[in-house]
Amino acid sequence: MKLRDIQTQFGALTLTEDKGAIVRLSWGVSGSKERSDVLDAAARQLAEYDAGTREQFDLPLAVGGSQLQRDVCTAMSAIPFGYTVTYGDIAKELGVPAQAIGQACGGNPIPIIIPCHRVMGAKGLTGFSGAGGVETKVALLRHERAGGYLI
């Protein structure tokens, strides 16, 4: 596995690549500055997202875990920039309980790139598993000009 750190307005992030695909994005600094085409592209695209010039990521991703985890990550990846859906919306799409969707969102290994921050509870804002919790989720939604959904 290769690691690469990037600094954003949402905090210091570490990208992890394995076998030519991004497998993890985590908050914190690994101290690594490894290079590869995939890590370079991911770092560039995250910097563009951070600067407000990119709305969609185009990277090879590999999500591990259960089939449900992969299906939920696929569903989250389809949520457009600046929009939100509810856990219930994804639950209906996949035919599983909303609670299972919430657990899978919380287990998203590649937040921001797979936009779990765009998933809300039926009554509005819910938690976020990244550093800073709900405050980071709010910052990401405001960055995408989806802040109106927070009121």
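The following exercises, with worked solutions, concern the nonpolar core and helix packing of a predicted model.

Residues are numbered from 1 along each chain as its sequence is written. In this predicted model, local features need pLDDT of at least 70 and side-chain atom pairs count only at pLDDT 80 or more, whereas totals for chains, interfaces and linings use all residues; side-chain values use heavy atoms, without hydrogens and water.

**Exercise 1.** Identify the residues with the most contacts inside the largest nonpolar core.

*Solution.* A nonpolar core is a set of buried Ala, Val, Leu, Ile, Met, Phe, Trp, Tyr and Cys residues joined through side-chain atoms within 4.5 Å; buried means under 20% relative accessible area (1.4 Å probe, protein chains only). The largest such core has 36 residues, and Leu15, Leu46, Met76 and Ile113 have the most contacts inside it. Helix 1 gives the most to this core, namely seven residues. Helices are DSSP runs of H or I with at least four residues, numbered from the N terminus.

**Exercise 2.** Determine which residues of helix 1 are buried.

*Solution.* The buried residues are Val38, Leu39, Ala41, Ala42, Ala43, Gln45, Leu46 and Tyr49. Just after helix 1, Gly52 takes a positive phi of about 85 degrees.

**Exercise 3.** Classify the packing of helix 2 and helix 3.

*Solution.* First, their axes (lines fitted to C-alpha atoms over the stretch in contact, with angles from 0 to 180 degrees between N-to-C directions) come within 11 Å and cross at roughly 120 degrees. Helix 2 is therefore oblique to helix 3; oblique covers angles outside under 35, 65 to 115 and over 145 degrees. Finally, the contact (heavy atoms within 4.5 Å) involves residues including Leu68 and Met76 of helix 2 and Ile90 and Leu94 of helix 3.

Key
Buried < 20%, exposed > 50% of the residue type's maximum accessible area, 1.4 Å probe, protein only. Helix = DSSP H or I, 4+ residues; strand = E, 2+ residues; numbered from the N terminus.
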